[in-house]
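Trainee: I would like a close look at a single part of this model. Please start from one residue and work outwards.

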Amino acid sequence: MRSPRRRMAALTSVAVGVTLTLTACGDGGSIDDETAANEERAAEFGDCADINMAINPWVGYEASAYVVGTVAEENLGCKVTYKDLKEDVSWQGFGTGEVDVVIEDWGHPDLEKKFFAEQGDGSAADLGPNGNVGIIGWYVPPWLAEEHPEVLDWENLNDFADEFATSETGDKGQFLGADPSYVQYDEAIVSNLDLDFEVVFSGSEAASITAFQQAEENKEFLIGYFYEPQWLFAELPLAKVALPPYEEGCDDNPAEVDCDYPETVLKKIGSTSWMEEGGPGVELVQNFEWTNEDQNQVAQYISDEGMSPEEAAARWVEENPDKVEAWLPAS
């Protein structure tokens, strides 16, 4: 999936060399054109500072980040640097200047307490919703929900524990966790609801997707952590298991959680020092909002169609000029 980037890099090197030769001969070229375009954008929107964009490890986040980054570069003349980081590490970068933007935060009151001005060091601030609504939960493949609808009620799960068991979990059923760095309380839920299950982490979003696809294809028992927005639901409509309903405060103590996950309005977090510098990049991030369907489309381009994040973002941006226009700062 990354080879197109390497080919493009090689072609770019050749193109730059040719352009430099032409410029030296006084014929002008693409460097002059790009400079003029950047100057024109700066005149319209103002100079755009560099943007250090965290990339957290799931494809939906990647979709949002690269779409915003593409608009920042192409429409505002910003320079965007993407950094692959876990969620908590991203927040640590706000105070050091390593990270300017987390484009999709799923709710981290512990990190807000540490880094927001009201309670912590003031290196980070809420930049408002990004338009996505996050739904975390326990899911099973469609075949299982259809043939054994009883598993969609948590109170019946122990009756099927042996069906979910694996060589790794022995007599207990396996509950497939995802990346342990994600927002998750699965071990506490299993324990506090007295379920005969053991959490086994897949380690990544991609591994969880593969597991659900294989379980559907082979009609295997599988229950695990998953979430929306996620492009997989268009291909494989996973069925959500009903846990005890979420109530305000039931997840305050992570060790005592015995309820479902809440629906979460996802939001953008920014470095306060970067925000104080101002400029069109800050306004773009503040204005950015799109839907779960928008994100799923770009994520599907990346994961299902094998496009690079840059290619996927560029395709979506080209196909959605009106939405992009609404994000641009006032000139």
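Trainee: Which residues does Tyr225 touch, not counting residues up to four places away in sequence?

Mentor: First, the ground rules. This is a predicted model, where local features need pLDDT of at least 70, side-chain atom pairs count only at pLDDT 80 or more, and totals for chains, interfaces and linings use all residues. Residues are numbered from 1 along each chain as its sequence is written, and side-chain values use heavy atoms, with hydrogens and water left out.

Now your residue. Leaving out residues up to four places away in sequence, Tyr225 touches Ile136, Gly137, Phe175, Leu176, Gly177, Ala178, Tyr182, Val183, Gln184, Asp186, Phe212 and Tyr261. A contact here means heavy atoms within 4.5 Å. Take Gly177 from that list. Tyr225 and Gly177 are 48 residues apart in sequence, yet their C-alpha atoms are 5.2 Å apart in space.

Where does Tyr225 sit? It lies in strand S7, which covers residues 224-228. Strands (E, at least two residues) and helices (H or I, at least four) are DSSP runs, numbered from the N terminus. Tyr225 counts as buried because its relative accessibility is 3%. The cut-offs are simple: buried is under 20% relative accessible area, exposed is over 50%, and partly exposed is in between, with a 1.4 Å probe and protein chains only.

Tyr225 also faces a hole. It helps to line the largest cavity, together with Trp58, Glu87, Trp106, Ile136, Tyr182, Val183 and Tyr227. Ile136, Tyr182 and Val183 are also among the contacts of Tyr225. A cavity is found on a 1 Å grid over the protein atoms alone, as a set of points where a 1.4 Å probe fits but cannot get out; lining residues have an atom within 4 Å of a point. The space in this one is about 90 Å³. Volume is the space filled by probe spheres set on the points, and points are joined across faces, edges and corners. Seven lining residues are nonpolar, none is polar and one is charged. Ala, Val, Leu, Ile, Met, Phe, Trp, Tyr, Cys and Pro count as nonpolar; Asp, Glu, Lys and Arg count as charged; the others, Gly among them, count as polar.

Now follow S7 to its ends. Before it comes a loop that runs from helix H9 (205-218) and holds Lys219. Lys219 is not a glycine, yet its phi is positive, about 55°. Lys219 is partly exposed because its relative accessible area is 48%. After S7, Pro229 has its place in the loop that leads to helix H10 (232-235). Glu228 and Pro229 are joined by a cis peptide bond, with omega about 5°.

Return to Phe175, one of the contacts of Tyr225. Phe175 also meets Glu198, which, aside from neighbours within four places in sequence, is in contact with Glu168, Thr169, Lys172, Gly173 and Gln174 as well. Glu198 and Phe175 are 23 residues apart in sequence and 5.8 Å apart, C-alpha to C-alpha. Glu198 lies in strand S6 (residues 197-201). With 32% relative accessibility, Glu198 counts as partly exposed. The loop between helix H8 (186-192) and S6 holds Asp194. Asp194 has a positive phi of about 55° although it is not a glycine. Asp194 is exposed, at 61% relative accessible area.

Trp58, another residue of the cavity lining, gives us a route to helix H13. Ala299 and Trp58 are 241 residues apart in sequence, but 9.3 Å apart in space, C-alpha to C-alpha. Ala299 has its place in H13. Ala299 is buried because its relative accessible area is 1%. Its contacts, leaving aside neighbours within four places in sequence, are Val59, Gly60, Ala63, Trp231 and Asp304. H13 also buries Asn292, Asp294, Gln295, Val298, Tyr301 and Ile302. The buried residues of H13 pack against helix H3 (59-76), strand S3 (101-105), strand S4 (124-140), helix H14 (309-319) and helix H15 (321-327).

Finally, step back to the whole chain. It has 15 helices and nine strands. Of its 331 residues, 48% count as buried. Among contacts between residues at least 6 apart in sequence, 73% join residues at least 24 apart. Tyr225 and Gly177, at 48 residues apart, show you such a span.

Definitions and conventions: On a 1 Å grid over the protein atoms alone, a cavity is a set of points where a 1.4 Å probe fits but cannot get out, and a pocket is an open set with protein on both sides within 12 Å along at least five of seven lines; lining residues have an atom within 4 Å of a point.
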